[in-house]
Amino acid sequence: MNNPTTSAPRVAVIGGGISGLATAHRLAELAPQLSVTLVDRADRVGGVLQTAEQDGFLFEWGPDNFITNVPWGIALCRRIGFADQLLETDDQHRGAFVVRRGRLHRIPQGFIIMAPSRMWPVVTTPILSPWGKLRMAAEFFVPPRREEGDESLAAFVTRRFGQETYDRLVQPLIGGIYTGDPRLLSLQATMPRFREMEQGHGSLIRAIMRQVGRRTSADRNSSGGRYSMFVAPRRGMFSLVQAVADRLPAGTIRLGAGVRRIMQQNGVWTLELEGRHPPLPAFDAVVLATPAKATAELIQPLDGILSDQVSQIHHSSCCIVSLAYQRDQVSHPMDGFGFVVPAVEQREIISGSFASVKYPGRAPDGHVLLRVFIGGALQEELLELPDDRLLSIAHREMAQLLGIRGEPLLHRLARLPASMPQYYVGHGERVATIHERAAAIRGLFLTGNAYEGVGVPVCIHGGEKAAQRVVDYLQNGANK
Ligand SMILES: Cc1cc2nc3c(=O)[nH]c(=O)nc-3n(C[C@H](O)[C@H](O)[C@H](O)COP(=O)(O)OP(=O)(O)OC[C@H]3O[C@@H](n4cnc5c(N)ncnc54)[C@H](O)[C@@H]3O)c2cc1C
């Protein structure tokens, strides 16, 4: 291994969100002899994964669960002895709603993001007009696209299913996942499996009809997202972060340490910190697990072109208002996990989540906890409003849509500026270029949600792959 100053090679990980924590944890698993320092500007690890408890309510700051059909989240939980802390969604209430003309309607059973696996619920739904349903069914006969290359999610969906299915179902579902604008988002980088279905079977409906026999009945009956595949830590997302952090060797984590600049001389890296902190010297390798904007700023002096490429990955902002009520204040049966709001409805919220229905332990008996998403790529200007305005928007919208009487008992408002990366059309090629250029800077490694996936398990995988590359580099002198 390289050895500039001490006997134990030193690695700096910048960013203590789940990506950086997974990197540091994997480094400790792969090469316990390394000396790893993880720095974060904030005074807590976890990045957007934060949880607070008050009066028996459990408030999640950002994410509230993660998917298990990509294995890396659950695999890490098993390795650190955390798997017994994971709760599954409640089978009884699976499913979600979409707003049409100011009312909640159940998303047709079996309709997963853009793929109807059951026809009868689509035929009977009041969400689409008869013409919209016919156009959706005609997807069976729409020939696959011949041109190679990426296209936007909106272009793909309108081409295959028509404008109405896009406006009324797919746009709000995608908006709910990426807080993004599907007219700009890349099909290839966000949902490549739908393109593969089109290419492999000629039509998504045909592909799904072939797959459907292989699914469990719970999956066939879910709608909106694949809820049966999600889990949440009993005590909230921060408890997962804490469990990972607790497994790191003592002294690994340094909080309140924002990095202003990274410098390399003769293969040795120094981190210049913000404020009056002295620099952190003598690292053999540096992993940037920061959002794209921060990464672009840090690498600007090293490679301006690489920095420009990274800075083109935009992160959208949103705000989540959590509202607690007594159950009898809410007249809606809340027999689902939440709802999404199509942009064509022209409301001021993106979606609402019934947090205490999704998972137990989120609210005391006789109470409910709701989460309201505001902003995102299509309404970013709303985030300029002060907290009290955002709070009153959230309460007013929920009151109208769910029939709520009276005021919330408790509320919390989380602002998540520049937090959700937007994978625009061409993202795959951009990321390939970024990896290629970054590989030329010896001892520098990039990870985080800006590149290969936004979900927690994919971020964990990205961090673990970065750790492996660091170990290979330190052992063989090979970069990446
Ligand atoms: C509103 C919202 C809801 C989501 N819901 C889900 C969900 O339900 N399930 C799911 O799987 N995923 C969800 N995601 C996605 C997922 O949570 C994120 O992609 C993931 O947590 C990002 O982790 P990260 O470590 O890459 O980045 P972050 O969590 O953003 O962490 C980056 C860290 O870098 C630090 N940092 C930045 N600059 C510097 C600097 N110069 N010096 C030192 N430190 C610095 C920051 O302080 C921060 O702690 C959601 C995301 C958002 C925004």
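**Figure 1. Residues around the ligand in the predicted model.** Around the ligand stand 35 residues, of which Gly-15, Gly-17, Ser-19, Gly-47 and Pro-63 come nearest. The structure shown in this and the following views is a predicted model. Three elements, namely α1 (18–30), β21 (410–421) and α17 (456–476), each supply at least two residues of the shell around the ligand. Sorted by class, this shell has 18 nonpolar, 14 polar and three charged residues. Residues of the shell come both from domain 1 (10–47 + 236–313 + 424–476) and from domain 2 (65–92 + 315–421), and the ligand therefore lies between these two domains.

**Figure 2. The domains of the protein and the contact of domain 1 with domain 3.** The protein is divided into domain 1 (10–47 + 236–313 + 424–476), domain 2 (65–92 + 315–421) and domain 3 (108–223). Domains 1 and 2 are each made up of separate stretches of the chain, as their bounds show. Taken over C-alpha atoms, the centres of domain 1 and domain 3 are separated by 36 Å. Where these two domains meet, five residues of domain 1 are in contact with eight residues of domain 3. On the side of domain 1 that touches domain 3, two residues are nonpolar, three are polar and none is charged.

**Figure 3. An open sheet of five strands, with helix α17 packed on it.** The strands of this open sheet follow the order β12-β2-β1-β16-β22, and their pairing is parallel. At the edges stand β12 (253–254) and β22 (444–446), each of which pairs on one side only. Within the sheet, strand β1 (residues 10–14) runs parallel to strand β2 (residues 35–39), and five bridges join the two. One of the residues in this pairing is Arg-10, whose bridge partner in β2 is Ser-35. Helix α17 packs on the sheet and touches β1, β16 (285–288) and β22. The direction of α17 makes about 165° with that of β16. Helix α17 is also one of the elements that supply residues to the shell around the ligand.

**Figure 4. Strand β7 and its pairing with β8 and β18.** Strands β7 and β8 pair in the antiparallel sense over four bridges. In this pairing, Val-99 has Leu-104 of β8 as its bridge partner. The two strands form a hairpin with two residues between them. Strand β7 also pairs with strand β18 (residues 338–340), here in the parallel sense and over two bridges. Phe-97 has its bridge partner in β18, namely Phe-339.

**Figure 5. Two loop residues with a positive phi, Arg-101 and Asn-266****.** Most residues other than glycine have a negative phi. Arg-101 is not a glycine, yet its phi is positive, at about 45°. This residue lies in the loop between β7 (97–100) and β8 (103–106). Is Arg-101 buried or exposed, and on what count of other C-beta atoms? Arg-101 has 7 other C-beta atoms within 10 Å, and it is therefore exposed, since a residue counts as exposed if 12 or fewer lie within that distance. Asn-266 likewise has a positive phi, of about 50°, although it is not a glycine. Asn-266 is placed in the loop between β13 (259–265) and β14 (268–273). Because Asn-266 has 5 C-beta neighbours inside 10 Å, it counts as exposed.

Methods. Residues are numbered from 1 along each chain as its sequence is written. This is a predicted model: local features need pLDDT of at least 70, side-chain atom pairs count only at pLDDT 80 or more; totals for chains, interfaces and linings use all residues. A residue is near a molecule or strand if its C-beta atom, placed from the backbone, lies within 6 Å of it. Ala, Val, Leu, Ile, Met, Phe, Trp, Tyr, Cys and Pro count as nonpolar, Asp, Glu, Lys and Arg as charged, and the others, Gly among them, as polar. Domain bounds come from an automatic or database domain assignment. Two strands pair if DSSP finds at least two bridges between them. Two residues are in contact if their C-beta atoms, placed from the backbone, lie within 7 Å. Axes are lines fitted to C-alpha atoms, for helices over the stretch in contact, and angles run from 0 to 180 degrees between N-to-C directions. A residue is buried if 20 or more other C-beta atoms lie within 10 Å of its own, exposed if 12 or fewer, and partly exposed in between; C-beta atoms are placed from the backbone.
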